[in-house]
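Subject: Structure for your review

Dear colleague,

I am handing over the structure below, together with some notes on its nonpolar cores and its pockets. Please read the notes with the coordinates open beside them.

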Amino acid sequence: AAPLRDHDVAGDHLRQALTELDVPADTLAYFDRTWQGRRAARLAGTGWPEPPPAFKLKRGWKHRARRLIRRDGKRLLAAGEAVLTTHDAEPWHSWRKRLKRYRYTLALLGEVPPVLTDTLEALGRFQDAEVVLELLHGDPDLLRFERARLIAREEVARNRAQERVRDLFPDLARLLSVGDAGED
């Protein structure tokens, strides 16, 4: 389902960009029609996995979750320090996926600190920009009259998202280095 999700997110970003760029109404209507057609084709071709089986948390799960938080925090801190030195999108995306797991584990134990959700939001916007840019560069017929302005907009969004993560990192690093979600 990831390609369908990426398509929907990219469509939302492109439509918002077209609106902000004040394109003519007929251009916006054309985009809406063609994008919905593309979505319908992707939806028809999407294979859906079976739902996961129900599960019951086993005794001692909080202790194991806390241990996982401490271990993952140290690894995420080291990975984050490396990620911040690169502009390559793949390490940023991999780090984001690992941070999401960390967030979900923290959520099991209690409150998720805002610095983590803010970082994940910025990393999500970075990834969305990457998806949109890949789409625009990969399909020369897609929005060819607005292409240059859309590419410029997404490059700015990508760079701002990376800068936001860099700004948040010192506080995130403190969270990751502590890595303790409290007691039972």
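In what follows, helices are DSSP runs of H or I with at least four residues, numbered from the N terminus. Please keep in mind that this is a predicted model.

I begin with the pockets. The largest pocket has a volume of about 270 Å³, and among the 13 residues that line this pocket, Tyr30, Asp141, Leu142, Leu143 and Arg144 lie nearest its centre. Its lining divides into 5 nonpolar, 2 polar and 6 charged residues.

The second largest pocket holds about 230 Å³ of space and is likewise lined by 13 residues, with Asp6, Glu130, Val131, Glu134 and Leu135 nearest its centre. Helix 1 (2–20), helix 4 and helix 5 are the elements that each give two or more residues to this lining, and helix 5 gives the most, with 5 residues. By class, the lining of the second largest pocket comprises 5 nonpolar, 3 polar and 5 charged residues.

Turning to the interior, the largest nonpolar core has 29 residues, of which Trp95, Leu99, Tyr102, Leu116 and Leu172 touch the most other members. The elements that give two or more residues to this core are helix 3 (61–83), helix 4 (89–109), helix 5 (114–138) and helix 6 (147–178), and the largest share, 8 residues, comes from helix 6.

Which residues does Trp95 touch, not counting those up to four places away in sequence? They are Leu76, Ala79, Gly80, Val83, Leu123, Val165, Phe169 and Leu172. A second, separate core of 17 residues includes Leu14, Leu133, Leu143 and Ile151.

With best regards

How values were computed
Residues are numbered from 1 along each chain as its sequence is written. This is a predicted model: local features need pLDDT of at least 70, side-chain atom pairs count only at pLDDT 80 or more; totals for chains, interfaces and linings use all residues. Side-chain values use heavy atoms; hydrogens and water are left out. A nonpolar core is a set of buried Ala, Val, Leu, Ile, Met, Phe, Trp, Tyr and Cys residues joined through side-chain atoms within 4.5 Å. Buried means under 20% relative accessible area, exposed over 50%, partly exposed in between (1.4 Å probe, protein chains only). Contact means heavy atoms within 4.5 Å. On a 1 Å grid over the protein atoms alone, a cavity is a set of points where a 1.4 Å probe fits but cannot get out, and a pocket is an open set with protein on both sides within 12 Å along at least five of seven lines; lining residues have an atom within 4 Å of a point. Grid points are joined across faces, edges and corners, and a volume is the space filled by probe spheres set on the points. Ala, Val, Leu, Ile, Met, Phe, Trp, Tyr, Cys and Pro count as nonpolar, Asp, Glu, Lys and Arg as charged, and the others, Gly among them, as polar.
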